[in-house]
Amino acid sequence: MIYPEYIRRSPLISMEATMTSEPAAGRAYRVLEHMIVTLELAPASFVTEGALIEKLALGRTPVREAIQRLAWEGLLDVRPRAGIAIAPLHPGDWLRVLDARRGVEVVLARSAARFVTREAADLFHEAALAMQKAVISGNVLAFIQADKALDEALAMAADNPFAARLAAPLQTHSRRFWFRYKADTGLAESAEHHVALIRSILDGDEEAAAKDAKRLMALLRGHAEVAATR
């Protein structure tokens with residue numbers, strides 16, 4: 001069930017629209033991250049910096065900055081004279097990601113419920129609407145973008161840059177695992193848990209937000225445990 005009373009009829013900012021206001025390095029990062037999460041850049045494959053520059057058409061410096069950031073986050077491995085390796089996907093690593101992510105998600109959820117602003121609330125509404133539309137249409141890529149938008153709204157609302165910076169790469173890794181192992185069957189259930197979290201945050205209920213964050217992490221951990229047995 002999606003909670004329509006928490007969804008305003010306003011359009012989600014698309015990746016393309018968001019990118020128009022970003023510096024080139026930010027645009028390069030967003031596109032490369034999306035390509036990695038959605039496996040367009042296949043796990044354990046190799047690519048060259050030149051190929052990425054040509055594909056993104058954003059210039060050497062911003063693409064190089066994006067590559068360095070993604071390497072720091074563990075999504076790329078830059079190997080001199082060998083190219084750039086895309087991080088492999090080992091099912092058991094999803095459990096490790098979630099174990100690291102659980103605590104910081106609770107911190108962010110509590111803080112977001114305490115400090116949420118009107119601007120952040122608008123982003124939560126847009127993310128919830130986008131998730132609803134993605135479930136109805138079965139559009140996994142749109143759901144991935146909505147999930148990313150929700151994470152960014154959570155980071156804004158929580159007003160805790162230290163927790164947000166810790167959570168962001170873990171969220172990306174988790175999104176990538178989810179896309180690989182659960183995207184074909186997990187849209188509605190995942191949307192339900194995300195929208196419950198949004199509702200608690202917009203209600204300003206810190207305890208409920210913390211519980212909903214834990215429930216979401218428990219849902220993902222259940223998926224990860226199944227994936228680890230494959």
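# Notebook: helix packing, cores and single residues

I began with a pair of helices, H5 and H9, and found that they pack at an angle of about 40 degrees, with their axes 7 Å apart. That angle makes H5 oblique to H9, because it falls neither under 35 degrees, nor over 145, nor between 65 and 115. Looking up who meets whom, I noted Ala109, Ala112 and Ala113 on the H5 side, and Leu197, Ser200 and Ile201 on the H9 side.

Before going further I checked what kind of model this is, and it is a predicted one. The chain averages a pLDDT of 90, and 91% of the residues score at least 70. Residues 1-19 are the stretch I marked for caution, since pLDDT stays under 50 there, although the model has 39 contacts beyond four places in sequence for them.

**Second helix pair**

How are H7 and H8 placed against each other? I found their axes 11 Å apart, at an angle of about 165 degrees. This makes H7 roughly antiparallel to H8, because the angle is over 145 degrees. I also wrote down that the crossing of H7 and H8 is right-handed. On the H7 side the contact is made by Val140, Leu141, Phe143, Ile144, Asp147, Lys148, Asp151, Leu154 and Ala155, while H8 brings Ala164, Gln171, Thr172, Arg175, Trp178 and Phe179.

Two of the H7 residues in that contact I then looked up singly. Asp147, which is found in helix H7, is buried, with a relative accessible area of 10%. Leaving aside its neighbours within four places in sequence, Asp147 is in contact with Met131, Arg175 and His194. Ala155, also placed in helix H7, is partly exposed, with a relative accessible area of 29%. From the C-alpha atom of Ala155 to that of Pro23, 132 residues apart along the chain, I noted a separation of 19 Å.

**The cores**

Which residues touch the most other members of the largest nonpolar core? I listed Trp94, Phe124, Val140, Phe143, Trp178, Ile201 and Leu220, out of 51 residues in that core. At least two residues of this core come from each of helix H5 (91-115), helix H6 (118-137), helix H7 (140-158), helix H8 (161-181), helix H9 (187-202) and helix H10 (206-228). There is also a second, separate core, of 18 residues, which includes Leu41, Val63, Ala66 and Ile67.

I followed Trp178 further, setting aside its neighbours within four places in sequence, and its contacts are Trp94, Val140, Phe143, Ile144, Ala183, Gly186, Leu187, Ser190, Leu220 and His223. One of these partners, Ser190, lies in helix H9 and is buried, with a relative accessible area of 4%. Not counting residues up to four places away in sequence, Ser190 touches Phe143, Trp178 and Leu219. The C-alpha atoms of Ser190 and Gly204 are 14 residues apart along the chain, and I noted 22 Å between them.

**Two loop residues**

Where does Ala57 lie? I placed Ala57 in the loop between helix H3 (49-56) and helix H4 (60-72). Its phi is positive, about 55 degrees, although Ala57 is not a glycine. Ala57 counts as exposed because its relative accessibility is 64%, which is over the 50% cut-off.

A positive phi turned up at Arg81 as well, near 65 degrees, again in a residue other than glycine. Arg81 sits in the loop between strand S2 (76-79) and strand S3 (83-86), and at 86% relative accessibility it counts as exposed.

**Two further look-ups**

Is Arg30 buried or exposed? I found Arg30 in helix H2 (residues 24-37), and at a relative accessible area of 14% it is buried, because that value is under 20%. Between the C-alpha atoms of Arg30 and Ser111, 81 residues apart along the chain, the separation is 25 Å.

My last entry concerns Glu225, which lies in helix H10 and counts as partly exposed at 40% relative accessibility. Glu225 and Gly92 are 133 residues apart in sequence, yet 7.8 Å apart in space, taken from C-alpha to C-alpha.

Note on methods: Residues are numbered from 1 along each chain as its sequence is written. This is a predicted model: local features need pLDDT of at least 70, side-chain atom pairs count only at pLDDT 80 or more; totals for chains, interfaces and linings use all residues. Side-chain values use heavy atoms; hydrogens and water are left out. A nonpolar core is a set of buried Ala, Val, Leu, Ile, Met, Phe, Trp, Tyr and Cys residues joined through side-chain atoms within 4.5 Å. Buried means under 20% relative accessible area, exposed over 50%, partly exposed in between (1.4 Å probe, protein chains only). Helices (H or I, at least four residues) and strands (E, at least two) are DSSP runs, numbered from the N terminus. Contact means heavy atoms within 4.5 Å. pLDDT is the predictor's confidence in each residue, from 0 to 100. Axes are lines fitted to C-alpha atoms, for helices over the stretch in contact, and angles run from 0 to 180 degrees between N-to-C directions. A crossing is left-handed if the near helix is turned anticlockwise from the far one by less than a right angle, and right-handed if clockwise.
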